[in-house]
Amino acid sequence: MGCLRRATVSLLFAIFVVASAQAPPAISIETAQAYFAEARSLCQADHGQLWGISLCGPIMFVDPKSRSIVASDADAKGALKAEGSVFIGSLPADQTIANTAVEWSGVHWTQMLWPLPSEERQRESLIAHELFHRIQNRLDLPQVKGGDNAQLEAPDGRYYLQLEWRALARALNVQSDKDRREAAADAILFRFERYSLFPDAPAQEQALELNEGLAEYTGVRVGNPTPEEQVKAALHDLSSHKDDRTFVRSFAYATGPAYGLLLDRYASGWHQQLKGGDGFAVLLRNALQFSLPVNLQQVAEQRAAQYDGPALRVTEQERETKLQQVIALYRVEFLDGPVLMLPFRHMRVQFDPRNLQPLEKAGTVYPNSAVNRLIRKVLRILPTITIFRGPF
């Protein structure tokens, strides 16, 4: 086993963190109480208006190293002990640690990793984002399969996504309604040109936008008290992901708030319309009464010039040349010759959504997932092992 260098793992996306032997600082109960109060204030101000359901609910903060918990509510099975107005304890080693919604000890929790951001707007946006995840299964949203979004690793997929982001940013930035509508139409144009090139893209992208896109939109709307601050937060989301190594799992954090705020302006009741199965761009296209041109590709390329498209093309072509060298190495590592397949099911794994690498139609490489560290520890094999998620 000492010379083993490859492993292929089938897994479902979730989060798992290997506990450290070092004792971290304790969660500050005083600070946790203040953050619980912030969360209550946010959901009470929303008063169930955004989604028709209150965002309020039990919250636990978890330190990822010590697995210590400070919770807002008691659990149903008595695992936590009261400490003033909060409840403390430790999360068992077999339980998920993540910014997510979890079922544990008889309670459906919003779970957040400690520490939370120190900047108030970022922190409250994160809190509202995670509060959404706890209620999202009650919203009767479409169940769309997919989410790997390999098309967003292809040069044309990346090109038209970034043009779409630039058009969305312009739509949020401009002052006149005419200019806003024009930029929003450009974003729709770029998205549908991408869809024409990649027929699987609509379902793949909608799967992630219904999850993280709506959650980030909720964070922007509920976590920022004024329209000006909401726009500022949405623009930050659009700009902060442009340097991600890959967009396949992070793009929805950018598109969700931008489309959501534009739909708030032009499509009253769009939250309910989501249940019919239409995605963000379709809903906005209908609201703007925008008809796609027959010569879609030609018009998209013409409009791209307004968003520095030619320079972006050059950048993406240079990136593609370097990427093919990386993919060639991954093919040797995971596809060529004998491999060890570990068919784990319902595996919980922590990963960075910014650096995943689709490997053509074979699956996705997860370069630094936490399960990599676990396997290395259990099997005591070389530290170069990397997890590969195949379509099994």
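**Stop 1: helix 4**

Select Asp177 and Arg181 in this predicted model. Both sit in helix 4, residues 177-197, four residues apart, or about one turn of the helix. Their side chains form a salt bridge, 2.7 Å from N to O. Are they buried or exposed? Asp177 is partly exposed, at 34% relative accessible area. Arg181 is partly exposed too, with a relative accessibility of 34%.

Stay on helix 4 and select Asp186, then add Arg303 from helix 10 (residues 296-304). These two residues are 117 apart, so look for a link between distant parts of the chain. The salt bridge between their side chains spans 2.8 Å, N to O. Check the surroundings of each partner. Asp186 counts as buried, at 5% relative accessibility. Arg303 is partly exposed, at 21%. The cut-off for buried is under 20% relative accessible area, so Arg303 at 21% falls outside that class.

**Stop 2: helix 7 to helix 5**

Select Asp264 and Arg221. They form a salt bridge whose closest N and O atoms are 2.8 Å apart. Which helices does the pair tie together? Asp264 belongs to helix 7 and Arg221 to helix 5 (residues 201-223), so the bridge joins parts 43 residues apart in sequence. Asp264 is partly exposed, with a relative accessible area of 27%. Arg221 is also partly exposed, at 28% relative accessibility.

**Stop 3: a charged network**

Select Glu164, Arg191, Arg194, Glu205 and Glu209 together. Salt bridges link these five residues in a network. Side chains of opposite charge can pair when their charged atoms come close. Over the whole structure, a search finds 17 salt bridges.

**Stop 4: the second largest pocket**

Now turn to a pocket. The second largest one has a volume of about 340 Å³. Its lining has 15 residues; select the closest to its centre: Leu172, Arg180, Pro227, Val231 and Arg265. Then colour helix 3 (155-173), helix 6 (227-240) and helix 7 (251-266), the elements that give two or more residues to this lining. Which helix gives the largest share? Helix 6 does, with five residues. What is the mix by class? The lining of the second largest pocket holds eight nonpolar, three polar and four charged residues.

**Stop 5: the nonpolar cores**

Hide the surface and show side chains. The largest nonpolar core has 83 residues. Select the ones with the most contacts inside it: Trp51, Phe61, Leu214, Leu238, Trp270, Leu274 and Leu284. Helix 3 supplies the largest share of this core, ten residues. Another core, of twelve residues, lies apart from the largest one. Select some of its members, including Val62, Leu80, Ile97 and Trp109. In soluble globular proteins, nonpolar side chains tend to be buried together.

Centre on Leu284. What does it touch, leaving aside neighbours within four places in sequence? Leu284 is in contact with Ala184, Ile188, Tyr259, Leu262, Leu263 and Tyr266.

**Stop 6: backbone exceptions**

Most residues other than glycine have a negative phi, and most peptide bonds are trans. Three spots are worth a look here.

Select Trp114 and Pro115. A cis peptide bond joins them, with omega about 5°. Pro115 sits in the loop between strand 7 (107-113) and helix 2 (120-135).

Move to Ser105. Its phi is positive, about 50°, although the residue is not a glycine. Find Ser105 in the loop between strand 6 (100-104) and strand 7. Is it buried or exposed? Ser105 is buried, at 11% relative accessible area.

Next, select Gln289. This residue, other than glycine, also has a positive phi, near 55°. Gln289 lies in the loop between helix 9 (280-288) and helix 10. Gln289 is exposed, with a relative accessible area of 71%.

**Last stop: the whole fold**

Zoom out and colour by secondary structure. The protein has twelve helices and eleven strands. How much of the protein is buried? Of its 392 residues, 52% are buried. Finish with the contacts. Among those between residues at least 6 apart in sequence, 72% join residues at least 24 apart.

Methods:
Residues numbered from 1 in each chain as written. Predicted model: local features only at pLDDT ≥ 70, side-chain atom pairs only at ≥ 80, totals over all residues. Heavy atoms only, no water. 1 Å grid on protein atoms, 1.4 Å probe; cavity = no way out; pocket = protein on both sides within 12 Å on 5 of 7 lines; lining within 4 Å. Points joined across faces, edges and corners; volume = space filled by probe spheres on them. Nonpolar A, V, L, I, M, F, W, Y, C, P; charged D, E, K, R; others polar. Salt bridge = Lys/Arg side-chain N within 4 Å of Asp/Glu carboxyl O. Buried < 20%, exposed > 50% of the residue type's maximum accessible area, 1.4 Å probe, protein only. Core = buried A, V, L, I, M, F, W, Y, C linked by side-chain atoms within 4.5 Å. Contact = heavy atoms within 4.5 Å.
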